[in-house]
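Let's take a relaxed walk through a protein model and see how its pieces fit together. Keep the 3D view open while you read.

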Amino acid sequence: MSERSHTLTHNDEPDDFAVQIADSVESFVLAVTEVAKGDEPGSAISLLLLEVSQLLLAGGRLGAIEDVVPEDRFEPDAGPEPDGVELRDRLAELLAPIDVYHEVFDPYGPPEMPNAFRISDDLAGVVSELRHGLTHYREGRISEALWWWQFSYLSNWGTTCSAVLRALQSLVAHVRLDSPLGAAPDGADTDNDGLSDEELEKQAGDLMAAELGM
């Protein structure tokens, strides 16, 4: 492994690795929260593309080290946490034309039809998981924070962020390569926005074209 294992106790100060991971996590949480405010809608996709890419780098480092062993046998109570509903709703409103995307969950699993997901749901869920670890980190439970971020990366948010990154990269590629967005597959859950596939495609194209100055 390129990174060493971690067995920090409550009395230990965070080492460089822990500080770097925590900084990456906090940067992502703050950036997504700011994007969701909608103050700069023209740069939303580009900023999210950058932030998700950077978070996945931190996730890759967590995945490359040996299993983190927390000091406590049972996870301490991190206390009440935001439910993420407001963040999800703001992102859904901001990304409405291009919020729904389609993904095969497990590329090594049995053949399956693509499932419909929402960028807003995914990002809000990732932020919630990362905040849980931040609570432990800020209260000095460094090994607990690293364990949680590593475990949740491997079990959930790594896969989620990888799917979101592909969706965001695809949006940029469609616009840069002047390739129309495809219509949603039959039966896909788009929450019945009241718009035809053609209208959704046009909105998404206009949004991306405006953002990229085209």
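## Helix α4, end to end

Let's start with helix α4, which covers residues 119-138. This helix has 20 residues and reaches 28 Å from its first C-alpha to its last, close to the 28 Å expected at 1.5 Å a residue. Keep in mind that you're looking at a predicted model.

Is α4 enclosed or open? Of its 20 residues, 15 are buried, so α4 is largely enclosed by the rest of the structure. Just after α4 comes Gly140, and its phi is positive, near 85 degrees.

## The whole protein

Now zoom out. The protein has 6 helices and 2 strands. Reading from the N terminus, the elements go α-α-α-β-β-α-α-α, so to speak in one line of Greek letters.

How much of the protein is buried? Buried residues account for 38% of its 214 residues. As for contacts between residues at least 6 apart in sequence, 76% of them join residues at least 24 apart.

## α3 meets α4

Back to α4, this time with a partner. Helix α3 takes up residues 85-94, and the axes of α3 and α4 come within 8 Å and cross at roughly 150 degrees. That makes α3 roughly antiparallel to α4. The crossing of α3 past α4 is right-handed.

Which residues do the meeting? On the α3 side you'll find Leu87, Arg88, Leu91 and Ala92, and on the α4 side Ser120, Asp121, Leu123, Ala124 and Val127. Sort the residues of this contact by class and you get 6 nonpolar, 1 polar and 2 charged.

## α1 meets α2

Next up are helix α1 (residues 16-36) and helix α2 (residues 44-64), whose axes come within 10 Å and cross at roughly 160 degrees. This makes α1 roughly antiparallel to α2. Here the crossing is left-handed.

From α1, the contact uses Phe17, Gln20, Ile21, Ser24, Ser27, Phe28, Ala31, Val32 and Val35. From α2, the partners are Ala44, Leu47, Leu48, Glu51, Val52, Leu55, Ala58, Arg61 and Leu62. Look at the spacing of those numbers with this in mind: an α-helix has 3.6 residues a turn, so residues three or four places apart point the same way. By class, the contact of α1 with α2 has 13 nonpolar, 3 polar and 2 charged residues.

## α2 meets α5

α2 has another partner to look at: α2 and α5 pack at an angle of about 145 degrees, with their axes 8 Å apart. α2 passes α5 in a left-handed crossing. What classes of residue make up this contact? There are 18 nonpolar and 8 polar residues, and no charged ones.

## Two residues up close

Find Ala44 in helix α2. Is Ala44 buried or exposed? Its relative accessible area is 3%, and Ala44 is buried, because the cut-off for that is under 20%. Ala44 and Leu91 sit 47 residues apart in sequence, yet their C-alpha atoms are 9.7 Å apart in space.

Now find Thr160, which lies in helix α5 (residues 142-176). Thr160 has 16% relative accessibility and counts as buried. Which residues does Thr160 touch, leaving aside neighbours within four places in sequence? Thr160 is in contact with Tyr101, Asp122 and Val126. Of these, Asp122 and Val126 fall within the residue range of α4, 119-138, which brings us back to the helix we started with.

Definitions and conventions. Residues numbered from 1 in each chain as written. Predicted model: local features only at pLDDT ≥ 70, side-chain atom pairs only at ≥ 80, totals over all residues. Heavy atoms only, no water. Axes fitted to C-alpha atoms, helices over the stretch in contact; angles between N-to-C directions. Helix = DSSP H or I, 4+ residues; strand = E, 2+ residues; numbered from the N terminus. Parallel < 35°, antiparallel > 145°, perpendicular 65-115°, else oblique. Left-handed = near helix turned anticlockwise from the far one by under 90°. Contact = heavy atoms within 4.5 Å. Nonpolar A, V, L, I, M, F, W, Y, C, P; charged D, E, K, R; others polar. Expected span 1.5 Å × (residues − 1). Buried < 20%, exposed > 50% of the residue type's maximum accessible area, 1.4 Å probe, protein only.
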